Amino acid sequence: MQSAQQQIVIIGTGGTIAGAAGSATDNVGYKAGQLSVATLVGAVPALQSEALEAEQLAQLDSKDMDEVTWARLARRVQQHLDREEVRGIVITHGTDTLEETAYLLQRVLAPRKPVVLTAAMRPATALQADGPQNLLDAVAVAKTPGARGVVAVMAGQVLHGLEIRKTHTYRLDAFEPGPDTGLLGVVEEGVVRAFRDWPTGEALGAAVLPEDAARWPWVEVLASHGGARGQALEAWRQAGLQGLVLACTGNGTVHQALGAAVEALRQSGVPVWRTTRCAQGRIVGAADEKAAQLTPWAARIELSLQLLQQH
Ligand code: SIN
């Protein structure tokens with residue numbers, strides 16, 4: 001007997017996976033977000049016999065991802081997850097901010113069904129486009145018994161939604177898991193082999209995300225580096241910045257030239273979180289353990305969520 005839960009919903013948001021270039025040999029000079037998600041699904045013969053629905057939510061180059069799209073996406077994903085017949089969701093997305101969307105969706109929805117983000121490093125017009133295989137693998141993950149939570153699937157790898165980070169500008173396996181963790185699993189010929197537990201957690205609820213961009217807090221990321229100056233930070237403070245994530249050097253240090261401006265922010269009640277700009281490791285001995293192990297971009301989402309819950 002077939003399970004009642006067999007429908008997979010594929011939500012398109014744009015990205016290189018839906019990108020088009022003028023020539024099949026051009027893997028970089030393309031425009032992201034050109035092909036509809038229905039076209040992407042139609043290009044994969046093995047998907048034609050699946051119980052799928054394709055829905056276009058946005059058509060963005062994900063560098064331009066915005067809060068309103070995040071709020072709409074979270075609500076729409078939740079609506080589909082609430083449908084009895086839906087087994088899982090696949091979201092096609094650009095690689096550039098995929099890790100931010102994955103983090104946000106896991107914290108807000110913490111779904112009991114799988115929500116699988118997938119993407120591509122080469123446009124759909126490329127000689128060897130990676131999107132079709134990634135989409136097929138993502139559907140395989142969404143159908144896997146026991147799968148749950150927000151994950152990403154790229155280049156045959158399954159990555160935890162709270163940990164994933166883009167670490168390469170060009171390679172097809174452009175993503176890595178967090179430091180000191182590892183892949184959640186792999187997809188081999190349509191079969192998912194999981195090495196770790198699927199993401200779990202407490203859902204904040206999609207309603208925490210305002211649909212009006214003006215109601216989102218203004219949270220910035222600032223990197224500390226040689227030759228740093230405090231003026232930009234001071235200008236942000238005067239303009240009404242509501243939260244700051246520092247991408248610190250090494251184990252959480254900040255250039256002395258930023259010290260006064262950071263202190264002025266703290267004095268005016270603006271939360272300042274420290275993360276490290278190092279690709280590996282965490283800030284050892286940090287007062288705020290949570291931020292210390294996040295990338296600056298994930299910490300920016302986390303701080304935004306904290307501020308949203310206070311208002
Ligand atoms: C994007 O993030 O939308 C463009 C780049 C990509 O998907 O690789």
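In what order do the strands of the open sheet of 3 strands stand, and with what kind of pairing? In this predicted model, the order is 11-12-13 and the pairing is parallel. Strand 11 (219–223) and strand 13 (272–276) occupy the edges of the sheet. Each of these edge strands has a single partner strand, so one side of each is left without a neighbour in the sheet. Neighbouring strands here are turned against each other by 25° on average, direction ignored.

The pairing of strand 12 (residues 243–248) with strand 13 can be described residue by residue. The two strands run parallel and are joined by 5 bridges. In one of the pairings, L244 has V272 of strand 13 as its bridge partner. Helix 5 (residues 231–239) packs on this sheet, where it touches strand 11 and strand 12. The direction of helix 5 makes about 170° with that of strand 11.

Helix 5 also contains a salt bridge, formed by the side chains of E234 and R237 at 2.7 Å, N to O. Both residues lie within the helix, 3 residues apart, which is about one turn. An α-helix has 3.6 residues a turn, so residues three or four places apart point the same way. Both partners are partly exposed, with a relative accessible area of 24% for E234 and 28% for R237.

A second open sheet contains 8 strands in the order 2-1-3-4-5-6-9-10, and its pairing is mixed. Strands of a sheet pair through backbone hydrogen bonds, either parallel or antiparallel. At the edges of the 8-stranded sheet stand strand 2 and strand 10 (191–194). Each of them has a single partner strand, so one side of each lacks a neighbour in the sheet. Neighbouring strands of this sheet are turned by 25° against each other on average, direction ignored. Within the sheet, strand 3 (residues 86–92) pairs with strand 4 in the parallel sense over 4 bridges. V90 stands opposite V116, a residue of strand 4.

Two helices in contact with these strands were examined. Helix 4 (residues 131–143) lies across strand 1 (7–14), strand 2, strand 3, strand 4, strand 5, strand 6 (157–160), strand 9 (185–188) and strand 10. Helix 4 runs at about 150° to strand 3. Helix 3 lies across strand 3, strand 4 and strand 5 (149–154), and runs at about 160° to strand 5.

Helix 3 (residues 98–109) consists of 12 residues. From its first C-alpha to its last, helix 3 reaches 16 Å, close to the 16 Å expected at 1.5 Å a residue. The helix is mostly covered, with 12 of its 12 residues buried. The buried residues include E99, E100 and R107, as well as L98, L104, L105, V108 and L109. Just after helix 3, A110 takes a positive phi of about 30°.

Salt bridges were also identified elsewhere in the chain. Side chains of opposite charge can pair when their charged atoms come close. The structure holds 12 salt bridges. One of them joins E55 to R76, with the closest N and O atoms 2.5 Å apart. This pair links distant parts of the chain, 21 residues apart: E55 belongs to strand 2 (residues 52–60), and R76 to helix 2 (residues 67–81). E55 counts as buried because its relative accessibility is 18%, under the 20% limit. R76, in contrast, is partly exposed, with a relative accessible area of 28%.

Another salt bridge is formed between the side chains of R83 and E85, at 2.8 Å from N to O. R83 is partly exposed, with a relative accessible area of 23%, and E85 is also partly exposed, at 34% relative accessibility. These two residues belong, together with E53, to a network of salt bridges.

The confidence of the prediction was also assessed. The protein chain averages a pLDDT of 96, and 99% of the residues score at least 70. Among the elements of the chain, strand 4 (residues 114–118) has the highest mean pLDDT, 99. The lowest mean pLDDT, 82, belongs to helix 7 (residues 289–292).

Key. Residues numbered from 1 in each chain as written. Predicted model: local features only at pLDDT ≥ 70, side-chain atom pairs only at ≥ 80, totals over all residues. Heavy atoms only, no water. pLDDT = per-residue confidence, 0-100. Expected span 1.5 Å × (residues − 1). Buried < 20%, exposed > 50% of the residue type's maximum accessible area, 1.4 Å probe, protein only. Pairing = 2+ DSSP bridges. Axes fitted to C-alpha atoms, helices over the stretch in contact; angles between N-to-C directions. Contact = heavy atoms within 4.5 Å. Salt bridge = Lys/Arg side-chain N within 4 Å of Asp/Glu carboxyl O.
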